[in-house]
Amino acid sequence: MTSFVDGPLSIHEANLFYFIEILFCDDNPICLTVWLKPTGNAPIIKNKKWVVERNCTMAKIMGFLRQLMQLDGSASVFLYVNQSFAPSPDSEVGNVYECFNINGKLVLYYSTSPAWG
């Protein structure tokens, strides 16, 4: 189970993923909570709290954000951990979470142009 899918993402699917997180993943060791916050010129997304599997990659999160913000496939999306550095796209969320979570939350800032780093 993962909140990030390949293919078009509807508003219904985005809301469904949010409720799956509340129902099933609060105590699940396979899932972890990721907070997505905009920075720079990035559009604001409705839900900031998402759940992903530990083995989900940063590239998959970037693709998800691209779909959610309705950007074309060639548009750039940048992710930053705790407003400080950009993890590599092949980094797994679980590894980044283990090193950089704050109070059990991994905060990722997203932008459509370089912001930090």
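Let's start with a single residue: at 32% relative accessibility, F100 counts as partly exposed, because the buried label needs a value under 20% and the exposed label one over 50%. Keep in mind that what you're looking at is a predicted model.

F100 has a partner. The ring of F85 has its centre 4.9 Å from that of F100, and the two planes sit at 55°, so this pair is called tilted. Where do F85 and F100 lie? F85 is in the loop between β3 and α3, while F100 belongs to helix α3, so the pair ties together parts that are 15 residues apart in sequence. Like its partner, F85 is a halfway case: with 30% relative accessibility, F85 counts as partly exposed.

Now look along helix α3 itself, which covers residues 93-100. Which residues of α3 are buried? They are V93, G94, V96 and Y97. These residues cover an arc of only 165° around the axis, which puts them on the same side of α3. A bit of background helps here: an α-helix has 3.6 residues a turn, so residues three or four places apart point the same way. And what covers the buried residues of α3? The cover includes β1, β2, α2, β3 and β4.

That brings us to the sheet. Its 4 strands come in the order β2-β1-β4-β3, and the sheet is open, with mixed pairing. The edge strands are β2 (49-53) and β3 (78-81), each of which pairs on one side only. On average, neighbouring strands are turned by 40° against each other, direction ignored. Further in, β1 (residues 31-38) and β4 (residues 106-111) run parallel and are joined by 5 bridges. To find this spot, look for V34, which stands opposite L106 in β4.

Two helices pack on this sheet. Helix α2 (residues 58-68) touches β1, β2, β3 and β4, and its direction makes about 125° with that of β3. Helix α3 also touches β1, β2, β3 and β4, and its direction makes about 80° with that of β1.

One last stop: the structure holds 2 aromatic pairs, and you've already met F85 with F100. W50 and F64 also form an aromatic pair, this one edge-to-face, at 5.0 Å centre to centre with 75° between the planes. W50 lies in strand β2 and F64 in helix α2, so the pair ties together parts that are 14 residues apart in sequence. Are W50 and F64 buried or exposed? Both W50 and F64 are buried, whereas F100, where we began, is partly exposed.

How values were computed: Residues numbered from 1 in each chain as written. Predicted model: local features only at pLDDT ≥ 70, side-chain atom pairs only at ≥ 80, totals over all residues. Heavy atoms only, no water. Pairing = 2+ DSSP bridges. Axes fitted to C-alpha atoms, helices over the stretch in contact; angles between N-to-C directions. Contact = heavy atoms within 4.5 Å. Phe/Tyr/Trp six-rings, centres within 6.5 Å; stacked < 30°, edge-to-face > 60°. Buried < 20%, exposed > 50% of the residue type's maximum accessible area, 1.4 Å probe, protein only. Arc of directions from axis to C-beta.
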